[in-house]
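Here are some notes to go with your first look at this one. Have the viewer open and follow along point by point.

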Amino acid sequence: MYSSVNSPYALRVRELAQRPGEMREVSLDIAVPSTLGAGLIAVREGDQMHLDVKLEGLHEGILVSGHARAEATGECSRCLIDISEPVEVEFAELFAYDASEEFDYQVHDEHVDCEPVVRDAVVLSLPFTPLCRPDCPGLDPVTGERLADAGERPAPSATDPRWAALGGIQFDSNDHQDPSGHHAADQTTADEERAPADQAE
């Protein structure tokens, strides 16, 4: 059967129990026994975490407060590359001597297990949509290429699908009509034919 005493987050408080006003500070480094977080980024099982904890004896129980520091790893929610970012959280919770609906945590076997308190603080601090950088452009919707690696490129212009059939039509630059509807080439020939007649008059 699991005992909170065996948790790496467990701290002994025998010398503080039932002694209001007594205080002790503890620093420790632990290997995280189970992953903290279930999204795209988390503090993984086996990662190192540093804890600075202050234990204070009160009439109702032991006040546990402190600071946790670790490194979260995962992937960018836009471009899916691997990322990591530091996690630093503060926590504070009262561990009661006696079970009561008024308190969520109790002192067990002269120990306090900080694991649920630290877990809640870390998980709530993790971003729901982590990014490799604030302005990450994501992936190209056509090629799947990471846009940040491709560099700047002009955005494709949107084409009305109703005009798509005209996209392949090519016009001869010498074959165009004037506003009257006649071909320019035909008009030039007609002018040349009239010129000798005008000169004869």
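1. Start at Asp113, whose side chain makes a polar contact with the side chain of Ser7 at 3.1 Å. Keep in mind that this is a predicted model. Asp113 and Ser7 sit 106 residues apart in sequence, yet their C-alpha atoms are 6.9 Å apart in space.

2. Staying with Asp113, its side chain also reaches the backbone nitrogen of Glu115, again at 3.1 Å. You'll find Asp113 in strand 8, which covers residues 111-113. Is Asp113 buried or exposed? Asp113 has a relative accessible area of 12%, so it counts as buried, the limit being under 20%.

3. Now swing over to strands 5 and 6, residues 61-75 and 82-96, which pair in the antiparallel sense over 15 bridges. One pair to click on is Ala72 and its bridge partner in strand 6, Glu85. The two strands form a hairpin with six residues between them, and Leu80 in that turn has a positive phi of about 70°.

4. Strand 6 has another neighbour to look at: two bridges join it to strand 7 (residues 105-106), and this pair runs parallel. Here Phe95 stands opposite Tyr105 of strand 7.

5. Last, the cysteines. How many disulfides are there? The count comes to zero. Take Cys132: its closest cysteine sulfur is in Cys136, 3.7 Å away, and a disulfide needs the sulfurs within 2.5 Å, so this pair is too far apart for a bond. Cys132 is partly exposed at 26% relative accessibility, whereas Cys114 is buried at 2%.

Conventions. Residues numbered from 1 in each chain as written. Predicted model: local features only at pLDDT ≥ 70, side-chain atom pairs only at ≥ 80, totals over all residues. Heavy atoms only, no water. Pairing = 2+ DSSP bridges. Helix = DSSP H or I, 4+ residues; strand = E, 2+ residues; numbered from the N terminus. Buried < 20%, exposed > 50% of the residue type's maximum accessible area, 1.4 Å probe, protein only. Polar contact = N/O pair within 3.5 Å; in protein donor to acceptor, adjacent residues only side chain to side chain.
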